[in-house]
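Reader: Could you walk me through this model before I go back to the bench? I would like to take it piece by piece.

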Amino acid sequence: MGWPLAVSAGLMERNSNALVAALWPLTAGHLLAMLLVLFPFALLVALVEWQRQIQIGASLLVIGFGILRLASRRHPRALARIPPTQLGLWSFAVAIAHGAGLMLVPIYLGLCREADLDQAHAAAGTLINANLGMAVLVSIVHATAMIVAGGCTAWLVYRYLGLKFIPRSWFNLDTSWAVSLILVGSIALVLVLAS
C-alpha cells in the first residue's frame with residue numbers, strides 16, 4: 001500500500017532515484033510491523049496448555065480489528081506529502097494498523113487445519129511453526145515480495161501514468177480488508193470452538 005508514496009517521492013523530486021530510495025524505508029517499516037506482531041505470538045505458542053484460549057483470543061482480535069476498520073472509514077489525503085525521512089515510520093504504522101502481521105498469525109497459531117489448506121498455506125504453516133527464526137524468515141520473504149510488487153507498481157505509475165492517474169483511479173480497499181478480517185476471524189473462531 002506504500003507504492004503511491006514512492007510515486008509521490010519520485011514526482012516531488014522529479015527523479016526516479018527518489019522513487020527507488022523511498023522503497024527502503026517502506027520495506028523497513030512494513031517488516032518491523034510484521035515482526036512486532038509475530039514475536040509476541042511466537043512466544044505465546046510456547047504456552048501449549050493455553051493454546052485453545054490463545055486461538056480464541058486471536059480470532060476475536062482479528063474480528064475486532066475488522067470491525068474497527070469497518071467502523072473507522074477515514075482515509076486522510078495528506079498522506080501523499082509524507083517526507084522520505086518519515087516513510088519508514090509511516091510504513092510501520094500502516095502495516096500495524098492494517099494488520100500486516102495479523103494475516104500470518106492464524107497460520108502461526110495453527111488456527112487453520114492442514115486438511116483445509118491449499119499447498120501454499122500448508123507449506124507456510126510448516127515453515128512458520130518450525131522455529132522463531134523461520135517466522136522471521138517468512139516475515140522477510142513477505143516484506144520482500146510486498147516491496148517488489150509495490151515497487152514495480154509505483155515505477156509503472158510514475159513512469160507511464162504520472163500524477164493525474166492517482167486521483168482519478170484511487171479506490172479504498174478498507175471495506176474489503178475489514179470484511180475479510182471479520183470473515184477469517186469468524187471462520188477461525190468457529191473452527192477452534194468446534195474442535
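**Helix packing and selected residues**

Author: Let me begin with one pair of helices in this predicted model: α3 passes α9 in a left-handed crossing.

Reader: At what angle do the axes of α3 and α9 cross?

Author: The axes of helix α3, residues 51-71, and helix α9, residues 174-194, cross at roughly 160 degrees and come within 8 Å. Since angles over 145 degrees count as roughly antiparallel, α3 is therefore roughly antiparallel to α9. The residues of the contact of α3 with α9 divide into 16 nonpolar, 6 polar and 3 charged.

Reader: Stepping back, how many helices and how many strands are there in the chain?

Author: The chain has 9 helices and 0 strands, and along the sequence the pattern reads α-α-α-α-α-α-α-α-α.

Reader: And what share of the residues counts as buried?

Author: Of the 195 residues of the chain, 38% count as buried. The chain exposes about 11,300 Å², and carbon and sulfur atoms supply 70% of that area.

Reader: What about contacts between parts of the chain that are separated in sequence, say what percentage joins residues at least 24 apart?

Author: If one takes the contacts between residues at least 6 apart in sequence, 83% of them join residues at least 24 apart.

Reader: Back to the helices, then. Which residues of α1 are buried?

Author: In helix α1, which covers residues 3-13, the buried residues are Pro4, Leu5, Ala6, Val7, Ser8, Ala9 and Gly10.

Reader: How do the axes of α1 and α7 cross?

Author: The axes of α1 and helix α7, residues 132-161, come within 8 Å and cross at roughly 40 degrees. An angle of that kind falls outside the ranges for roughly parallel, roughly antiparallel and roughly perpendicular, so α1 and α7 are oblique to each other. The crossing of α1 and α7 is right-handed.

Reader: Which residues make that contact?

Author: On the α1 side they are Trp3, Ala6, Val7, Gly10 and Leu11, while α7 contributes Gly150, Thr153, Ala154, Val157 and Tyr158. By type, the residues of the contact of α1 with α7 are 7 nonpolar, 3 polar and no charged. Ala6, Val7 and Gly10 of α1 take part in this contact, and Ala6, Val7 and Gly10 are also among the buried residues of α1.

Reader: What follows α1, and what is phi there?

Author: Arg14 follows α1, and Arg14 lies in the loop between α1 and α2. Its phi is near 55 degrees, a positive value in a residue other than glycine.

Reader: Is Arg14 buried or exposed?

Author: Arg14 has a relative accessible area of 75%, and because the cut-off for exposed is over 50%, Arg14 counts as exposed.

Reader: Let me change topic to Val37: where does Val37 lie, and is it buried or exposed?

Author: Val37 lies in helix α2, residues 16-45. Its relative accessibility is 16%, so Val37 counts as buried, given that buried means under 20%. Val37 and Met103 are 66 residues apart in sequence, and their C-alpha atoms are 10.0 Å apart in space.

Reader: And Thr175, which helix is that in?

Author: Thr175 is found in helix α9, and Thr175 is partly exposed, with a relative accessible area of 33%. Thr175 and Ala71 are 104 residues apart in sequence and 9.2 Å apart in space, C-alpha to C-alpha. Ala71 falls within the range of residues 51-71 for α3, whose axis comes within 8 Å of that of α9.

Definitions and conventions
Residues are numbered from 1 along each chain as its sequence is written. This is a predicted model: local features need pLDDT of at least 70, side-chain atom pairs count only at pLDDT 80 or more; totals for chains, interfaces and linings use all residues. Side-chain values use heavy atoms; hydrogens and water are left out. Buried means under 20% relative accessible area, exposed over 50%, partly exposed in between (1.4 Å probe, protein chains only). Helices (H or I, at least four residues) and strands (E, at least two) are DSSP runs, numbered from the N terminus. Axes are lines fitted to C-alpha atoms, for helices over the stretch in contact, and angles run from 0 to 180 degrees between N-to-C directions. Angles under 35 degrees count as roughly parallel, over 145 as roughly antiparallel, 65 to 115 as roughly perpendicular and the rest as oblique. A crossing is left-handed if the near helix is turned anticlockwise from the far one by less than a right angle, and right-handed if clockwise. Contact means heavy atoms within 4.5 Å. Ala, Val, Leu, Ile, Met, Phe, Trp, Tyr, Cys and Pro count as nonpolar, Asp, Glu, Lys and Arg as charged, and the others, Gly among them, as polar. Accessible areas come from the Shrake-Rupley method with a 1.4 Å probe; for residues, only the protein chains shown count as cover.
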